[in-house]
Amino acid sequence: MIQSTRSGIAGLDELIGGGFPNNTITLVYGPPKTGKSIFCYQFLHQAITDDEYCLYIMTDYNLPQLEETMMYFKWFIHDYFTKKQLYVMDIASGSIGSVQKETASFKISSPQNPTEIISEIIEELQSIFQKTHTFRSILDSATTLFAYNSPILMIRVLKSYTMRIKLAGSTGIITYTEGVVDSQIETMLKATVDNIVHMDGKKITVEAMMGCDHISANYKITDEGIIII
Amino acid sequence: MDMKKTYIPRLDDILKGGTPPGTSVLFNAIPGMLCDIFGYQIIAQRIRNNKEIGFIYTNTRTPAEISRVFDKYGWDIMTPLQSGQLFFVDSISPMMGVPPIGKYCIDDFNKSKDTVLCAINDIAGGTAVIENVATLIDSIGANNTMELIKTWNEAANKHDVNMIYIFTRWDYEDRMIEQLIDLFNCEIELFGIEERVMYRQVYVVVKSSWSTISRTKTFFELVMPGGVKVFIPKLLVTGPYNAGKTAFVHAISQDAVSVERQAYELFPTTVGLDIGHVDYKGFSADIFGTPGQERFDLLLEPLAREAIGAFIVIDSTQPNTFARAKEMINMCRAEVIPKIIVANKQDLSGAMRPEEIKKRMALWEDVHIVPVSVKKNKGINQTLNALFDLIYRV
């Protein structure tokens, strides 16, 4: 049996055989406001429940904002971060000169500087790898990175990123807002990941995943997060 | 010839004094290296020490960010910016929607050529840092980028300007990379030493039109403040008690020294350190052998932190010590650094074969085990080859 990592979405894991296959990367994509970031929060919350490490790369909000949003769902990450099980890469505050101090588990980078982003991710991977060889990773979202960089360059960066985190043992998700780049780039993006999940606001579809292609189910977003109905 | 120092440790020795005026240098880095720091360090030190003039063309960091980076590394940027000794060619702020800073600003990559030419004209005899070539390639195309670089290098040559290009080598086609490299007088590769994660950084001069080069690999780290710092790599030799570590250190190194005394154990054993040095196929490293007894475990961690590779020596006839060997591997972080299991004492009857040892120790498939008899001087070079192959695979 393939070892899997629970997504944390009630009802989804049952449909996909327990969760995402370990050491694979899943693209979660769809139109704006369909719950892709909530998917990430839930995936992170499951990491806490399962006592796993997580590398969280955020491009549209900073750590206090993440903490606040998750609190709305009654998911608490403060202790998890303090215990240094949560590694954060803040790409939202990078270019404005954040006053927050960088540590082994908290790095800041700028969205338009992929060389620095990958370099700092590797630094965090070095610390994580000394503690565990199985951890989660979240990149929310690739959309912002596409906005700041040449799309073809960004595809190269994402290839490098997925290669790095998979080598280090991660099971991860990357979010992306459908239609931001042209279809050719979207096709290349899909080719850099292992699994593809589409969310359209009503229906969640597993478009590609070993053993469970084209499974779909209806979902809704409640104050307990995404729930399969 | 009048050489301009790079102020990168060891690089000026390798390049026989530095870079001649009017030449171009490419820093060709794999993703994950902060290659721009090399460019910043060169220009910052030349400005400070030689009263040189220069500019930084940037399409990745905004000038404000670059200023913060200079601050972190302890290089003064405000004074030369204010005096006009240094200026920016800002090709990023307009794309970011922030006010540009600098003498020149580029709001369209297609205008890069003329703007940078103007900037080169302004700094005769000075230094220009261009970063990042990758962004140019993926914005205006490889051919256009190479056209630009050719034009810039010709102008720089005429005005005795030293061009320092920073390039992050994402997954471009090899043929394109070859053509690109052809455009420069000198190429310096930056890459990582990896074992599932990159944990050490190396630079190597692979091409220089003004000096013969030896392709020496220089290990470095980026230190704040300070910048590029080199260090002598260390190889760790560890393993359970009485596995033959001291003999192994002496076998692989010239003039090894052992700090030992007759301990209370049955055999003469190392209670200090075995220290040696190896020069092998252009690679130079210090060797540290640690004692195997548990009471010396506290020595392992600091040594392992500095090490770039490890030999785990085991006695192939003593499977009851394998658990201890595995414990030492974990303790010395050797799972992260390349390592070779030296299956010693193969000359003795009852010695287990590598496959058998791998099974008994429940090791990863890709862990390398080399059968060795230090006593009979068999397999020693194979262990060095195997470890250096691991260290330098890119």
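With 10 C-beta neighbours inside 10 Å, A:Lys74 counts as exposed, because a residue with 12 or fewer such neighbours falls in that class. This is a predicted model, and A:Lys74 makes a handy place to start reading it. The residue is found in the loop between helix H3 (63–72) and helix H4 (78–82) of chain A. Its backbone has a quirk too: phi of A:Lys74 is near 65°, a positive value in a residue that isn't glycine.

Chain B offers a case of the same kind of backbone angle. Phi of B:Asn377 is near 55°, again positive in a residue other than glycine. B:Asn377 sits in the loop between strand E17 (368–371) and helix H14 of chain B. With 10 other C-beta atoms within 10 Å, B:Asn377 is exposed.

On the far side of that loop comes H14 of chain B, and its length can be checked with simple arithmetic. At 1.5 Å a residue, the 13 residues of H14(B), residues 380–392, should span 18 Å. The expected span uses one less than the number of residues, so 13 residues count as 12 steps of 1.5 Å. In the model the end C-alpha atoms of H14(B) are 19 Å apart, which agrees. Part of this helix is tucked away: B:Thr383, B:Ala386, B:Leu387, B:Phe388 and B:Ile391 in H14(B) are buried.

Back in chain A, A:Leu12 gives a contrast to the exposed loop residue. A:Leu12 lies in helix H1 (residues 12–15) of chain A. It is buried, with 23 other C-beta atoms within 10 Å, since 20 or more is enough for that label. Leaving out residues up to four places away in sequence, A:Leu12 touches A:Ser7, A:Ile204 and A:Ile228. A:Pro64, on the other hand, is 52 residues from A:Leu12 in sequence and 28 Å from it in space, C-alpha to C-alpha.

Next come two helix pairs, one in each chain. In chain A, the axes of helix H7 (residues 151–167) and helix H8 (residues 183–191) come within 10 Å and cross at roughly 5°. H7(A) and H8(A) are therefore roughly parallel to each other, a label that goes with angles under 35 degrees. Where they meet, A:Pro151, A:Ile155 and A:Leu158 of H7(A) face A:Ile185, A:Met188 and A:Leu189 of H8(A). By class, this contact has 6 nonpolar residues, with no polar and no charged ones.

The pair in chain B is set up at another angle. There, the axes of H7(B) and helix H8 (residues 142–158) come within 7 Å and cross at roughly 130°. That makes H7(B) oblique to H8(B). On the H7(B) side the contact uses B:Val133, B:Leu136, B:Ile137 and B:Ile140, which meet B:Ala142, B:Asn144 and B:Thr145 in H8(B). Those residues divide into 5 nonpolar, 2 polar and no charged.

Just ahead of H7 in chain B there is a backbone oddity. A cis peptide bond joins B:Glu131 and B:Asn132, with omega at about 5°. B:Asn132 lies in the loop between strand E5 (127–131) and H7 of chain B. Chain A has a cis peptide bond as well, joining A:Asp140 and A:Ser141, and its omega is about 5°. A:Ser141 is found in the loop between strand E7 (135–140) and helix H6 (142–148) of chain A.

H7(B) also matters for how the chains meet. The contact between them takes 28 residues from chain B and 23 residues from chain A. On the chain B side, helix H3 (63–73), helix H7 (133–140) and strand E8 each supply at least two residues. H7(B) gives the most, with 4 residues. By class, this side of chain B has 13 nonpolar, 7 polar and 8 charged residues.

Finally, chain B has a contact within itself. The chain is divided into domain 1 (11–230) and domain 2 (234–392), and the C-alpha centres of the two lie 42 Å apart. Their contact takes 9 residues from domain 1 and 7 residues from domain 2. Strand E7 (186–195) and strand E8 (197–208) of chain B each supply at least two residues of the domain 1 side. E8(B) gives the most to that side, with 3 residues. By class, the domain 1 side has 4 nonpolar, 1 polar and 4 charged residues.

Conventions:
Residues are numbered from 1 along each chain as its sequence is written. Chains are lettered from A and ligands numbered from 1 in the order in which they are written. This is a predicted model: local features need pLDDT of at least 70, side-chain atom pairs count only at pLDDT 80 or more; totals for chains, interfaces and linings use all residues. Domain bounds come from an automatic or database domain assignment. Two residues are in contact if their C-beta atoms, placed from the backbone, lie within 7 Å. Ala, Val, Leu, Ile, Met, Phe, Trp, Tyr, Cys and Pro count as nonpolar, Asp, Glu, Lys and Arg as charged, and the others, Gly among them, as polar. Axes are lines fitted to C-alpha atoms, for helices over the stretch in contact, and angles run from 0 to 180 degrees between N-to-C directions. Angles under 35 degrees count as roughly parallel, over 145 as roughly antiparallel, 65 to 115 as roughly perpendicular and the rest as oblique.
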